[in-house]
Amino acid sequence: MPWDSLKLNDGMTRTNSSGSNSYGTWRTGKGQPPVDSLKQAFAAGIHHVDTAQNYTNEPEAGIAIRESGIPREQIFVTTKWSRLNGLDIATSFQNSLKNLGLSYIDLYLIHGAELCDDIPKCWKEMEKIKDSGLARQPIFFLFLFFRHSNDFGLIYYRSIGVSNFEVQDLQQLLAISKHVPVVNQILFHPYVYEEQLPILKLCAEKSIVIEAYSPLIPVTKRPGGPVDKPVSQVAQRLGVSMDQVLLAWAKAKGTVPVTMSAKKERVKGYVKAGDLVLSSADIDAIDKAGAKGVNAN
């Protein structure tokens, strides 16, 4: 299961079980279904949870984490400020902690640049939370906020990043930043690869990890396009599924794929995709096919 360990630019390390593969709770709904699907992902070996304020299922993610039996420190938790109900970053962060029932969040993201009236001001608010978290709030404070949590300890805040930031957005942020974002989570699949090259280049220069959401769109939402042929050929040759090939392609591009499925066998396949190594010819063929179908995004 060689989804590689990943070291972020702030020095934090995500182990192979929580590093370069992630399970997203977007579109998993509310109630028992997201709890069950996330526990299924944990059982398969995916220990990175990706949720957000506006997915409205942070409480379910927290339940799944606590019921998994996996030590908290072995699960990497990402959530995002989505400006839900117009709430500011600091208030939203505290609400996310409470919703998740956790004492800390591993990675907190701005869900989109358009949510910020002023990007530099937004990022300064994120940096304040990161810096203030180092003060380590007392356990009494935790008890007041997290009486239903099994994760008692000191509140602290680990890493901060962004999502859906384009070049001009990131440049505004970097011009004033004390802490460089550790990740930029963006739409990423073969049909948008060329379009995303400028932001990929900038992030690489700044050691910002790319998290790739919706990497399976060519087979799940846009089947029948130019990418089908090379992906199918590779899948047949290696004896794997087309979605596994797309995940291997995303990994080869240096990204962290964010996926989800309620189907147990598909999730197991996502984990096994970490074993696949595509040839340079495979990658080039998928790249070229993706360029032919740029409107299928």
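# Exercises on a folded chain

Let's warm up with Asn85: its relative accessibility is 70%, so Asn85 counts as exposed. The cut-offs go like this: buried is under 20% relative accessible area, exposed is over 50%, and partly exposed is in between (1.4 Å probe, protein chains only).

You're looking at a predicted model, where local features need pLDDT of at least 70, side-chain atom pairs count only at pLDDT 80 or more, and totals for chains, interfaces and linings use all residues. Residues are numbered from 1 along each chain as its sequence is written, and side-chain values use heavy atoms, with hydrogens and water left out.

## Exercise 1: The big picture

Work out how many helices and strands the protein has, and what share of its residues counts as buried.

Step 1. Go through the secondary structure: you should end up with 12 helices and 10 strands. Here helices (H or I, at least four residues) and strands (E, at least two) are DSSP runs, numbered from the N terminus.

Step 2. Check burial: of the 297 residues, 54% count as buried.

Step 3. Look at contacts, meaning heavy atoms within 4.5 Å. Take those with a separation of 6 or more: residues 24 or more positions apart account for 75% of them.

## Exercise 2: Two odd phi angles

Find where Asn85 and Thr56 sit, and say what sign their phi angles have.

Step 1. Start with Asn85, in the loop between strand 5 (76-81) and helix 3. Its phi is positive, about 60°, although Asn85 is not a glycine.

Step 2. Now try Thr56, which you'll find in the loop between strand 4 (48-50) and helix 2. Thr56 isn't a glycine either, and its phi is a positive value near 60°.

Step 3. Add accessibility: Thr56 comes in at 33%, so Thr56 counts as partly exposed.

## Exercise 3: The disulfide

Find which cysteines are joined by a disulfide, and decide whether the bond is left-handed or right-handed.

Step 1. Recall the chemistry: a disulfide is a covalent bond between the sulfur atoms of two cysteines.

Step 2. Apply the rule, which asks for a pair of cysteine sulfur atoms within 2.5 Å. The count comes to 1 disulfide, and the pair is Cys116 and Cys122, with an S to S distance of 2.5 Å.

Step 3. Check the torsion about the S-S bond of Cys116 and Cys122: it's about -110°, so this disulfide is left-handed.

Step 4. Look at burial. Cys116 counts as buried because its relative accessibility is 9%, and Cys122 counts as buried because its value is 8%.

## Exercise 4: A residue flagged in UniProt

Place His111, for which UniProt has an entry, and decide whether it is buried or exposed.

Step 1. Read the record: the unreviewed UniProt entry lists His111 under "binding site". UniProt positions are given in the numbering used here, feature names are shortened, and annotations may be inferred rather than shown by experiment.

Step 2. Place His111: the loop between strand 6 (104-110) and helix 4 (119-133).

Step 3. Check accessibility: at 12%, His111 counts as buried, so there's your answer.

Step 4. List the contacts, leaving aside neighbours within four places in sequence. Among the contacts of His111 are Tyr55, Trp81 and Asn164.

## Exercise 5: Far in sequence

Give the C-alpha to C-alpha distances for Trp26 with Asn57 and for Glu67 with Lys39.

Step 1. Trp26 is in the loop between strand 3 (22-24) and helix 1 (32-44). Trp26 and Asn57 are 31 residues apart in sequence, and 8.5 Å apart in space, C-alpha to C-alpha.

Step 2. Leave aside neighbours of Trp26 within four places in sequence, and its contacts are Tyr55, Ser214 and Met260. Trp26 has 38% relative accessibility, so Trp26 counts as partly exposed.

Step 3. Glu67 belongs to helix 2 (residues 58-67). From Glu67 to Lys39 it's 28 residues in sequence and 7.8 Å in space, C-alpha to C-alpha.

Step 4. With neighbours within four places in sequence left aside, Glu67 is in contact with Val35 and Lys39. Glu67 is partly exposed because its relative accessible area is 47%.
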